[in-house]
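Work through the following exercises with the model open beside the text, and follow each solution step by step before going on.

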Amino acid sequence: MNRIIPLVLAVALFMEQMDSNVISTSLAAIARDIGTSPIALKLALTSYLVSLAVFIPVSGWMADRYGARNVFRAAIAVFVIGSVACAASNSLMSFVVARFLQGAGGAMMTPVGRLVLLRSTPRNQLVNAMAWLAIPSMVGPLVGPPVGGFITTYFSWHWIFLINVPIGLAGIWFATKYLPVLDVPMPRKLDVTGFILSGLAMSGVVFGLSVVSLPALPPAIGIITLSVGVISTVLYIRHAKRVENPLLDLSLFKNDVFRISVTGGSLFRLGIGAMPFLLPLMLQLGFGMDPFQSGMITFVSAIGALLMKFGASRIFARFGFRTLLMLGSLASACFIILNGFFTPQTPMILILTALLFGGFLRSMFFTGVNALGFAEIPDDKTSQATPISAVAQQVSIAMGVALAGVILELSTIIRGSALQIEDFHIAFFVVGGISTLAFFSFVKLKPEAGQELYEKKFAPKQKKIQEVSDAL
């Protein structure tokens, strides 16, 4: 497999993933400089998520209309411009607008980057390519907090955003040099009504969940916008059934493999989405660590994720997607639940070991589920499948954070005291339990699901293993 293409894409996506997480540890410093409060500044985090929700659905159409490589390069440029605007912001409103601009670039980078990979990689090499492309989504949320804490503590928060300038310029140069110019399918007419409804639906859901879970505004606003998002979702579903070329073609869910990969992956991401929120907070509030210390501990999961990438293709080729996704979802969920047993008295080596293996298993799961979703999607439908997959990921992660926030809030209300380590334990048990439900989605897969993605030399061995597994 030509690894240059996924690595070029991964560098740009890493920039986006790390930047979206690095800001969380720098809120206090940024708020102090621009004359606002950290609570109010959470609107900047929300504006970024809203921008993603609005523009991800139209990313596939943009790629078909203007060419995937062109859109990918333009997305990096928009993200860099937004980064410079963030660094130059001197008020809450300017910072919120700059983050929204960043989100517009990030919304195009992720699904369009995946689309470039799908169209330039043979199906039997897709697992290996997806393994490299998945690195940013696993590593970014984990290294973001310690990097943000280090830069803010020893330099200035402005460099969190300015560092994206050389990275972005290098990404544009490498994309120009190494990404192929792909044949552009006949562009569909833009579904304007679908774009408006999908934008209202996704932004309403994401914004509502963000406000409910991380209240920077009155909860009533979150409930109202969440209601608007749900109603718009229903209206979009009705609209998509009536038009010939909807913006997001929901008929793709008729494919069992695609539907199961999206639904099963979304259930699992509810737990994973809560991890970057719950674990650092528990280490800081429950264990008494500072942000940099907690970030260095959570970074161990990233090491496990990286180790998985070197054997992902062989593992799935030998054992099959159905078996590994079933077992992987259960084992990974158990490691999420295991966090609920950690206390300040727990030996640090045990915590680090659990995080290492947890990262390894989650990486294996996401590599498999991301590749499997496109196993049976025709090439002319990939530009619609990628934004659907990306939207599902964003919504499920936002729901995971919202669920964790609600659990912590309810736990403190019931107990009538401030947050304690027991509240985090309850949250880990709940979100981990929900993640186990993904197992029941993957049980429905056929044993031969994803066989198009196997390397030919492993096919006989995989078939024999599957026969033994079915007999057991």
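**Exercise 1.** What volume does the second largest pocket have? Establish also which residues and helices line the second largest pocket.

*Solution.* The structure is a predicted model, and in it the second largest pocket has a volume of about 410 Å³. Next, take the lining, which is made up of 17 residues, with Met202, Thr233, Leu250, Phe253 and Val391 lying nearest the centre of the pocket. Then assign the lining to elements: at least two residues each are supplied by helix 10 (192-213), helix 11 (219-242), helix 12 (256-286) and helix 17 (382-415). Finally, sort the lining by class, which gives 14 nonpolar and three polar residues, and no charged residues.

**Exercise 2.** Determine how many cavities of 30 Å³ or more the whole structure holds, and describe the lining of the largest cavity.

*Solution.* The search finds four cavities of 30 Å³ or more, and the largest cavity has a volume of about 90 Å³. Helix 12, helix 16 (348-372) and helix 17 are the elements that give two or more residues to the lining of this largest cavity, and helix 12 provides the largest share, five residues. Among the lining residues are Phe258, Ser261, Arg269, Asn370 and Gln393; by class, the lining of the largest cavity divides into five nonpolar, six polar and one charged.

**Exercise 3.** Where does pLDDT stay under 50?

*Solution.* Begin with the chain, which averages a pLDDT of 81, with 86% of the residues scoring at least 70. The stretch with pLDDT under 50 is residues 456-472, for which the model has 20 contacts beyond four places in sequence. Where pLDDT is low, predicted coordinates should not be read in detail.

How values were computed
Residues are numbered from 1 along each chain as its sequence is written. This is a predicted model: local features need pLDDT of at least 70, side-chain atom pairs count only at pLDDT 80 or more; totals for chains, interfaces and linings use all residues. Side-chain values use heavy atoms; hydrogens and water are left out. pLDDT is the predictor's confidence in each residue, from 0 to 100. Contact means heavy atoms within 4.5 Å. On a 1 Å grid over the protein atoms alone, a cavity is a set of points where a 1.4 Å probe fits but cannot get out, and a pocket is an open set with protein on both sides within 12 Å along at least five of seven lines; lining residues have an atom within 4 Å of a point. Grid points are joined across faces, edges and corners, and a volume is the space filled by probe spheres set on the points. Helices (H or I, at least four residues) and strands (E, at least two) are DSSP runs, numbered from the N terminus. Ala, Val, Leu, Ile, Met, Phe, Trp, Tyr, Cys and Pro count as nonpolar, Asp, Glu, Lys and Arg as charged, and the others, Gly among them, as polar.
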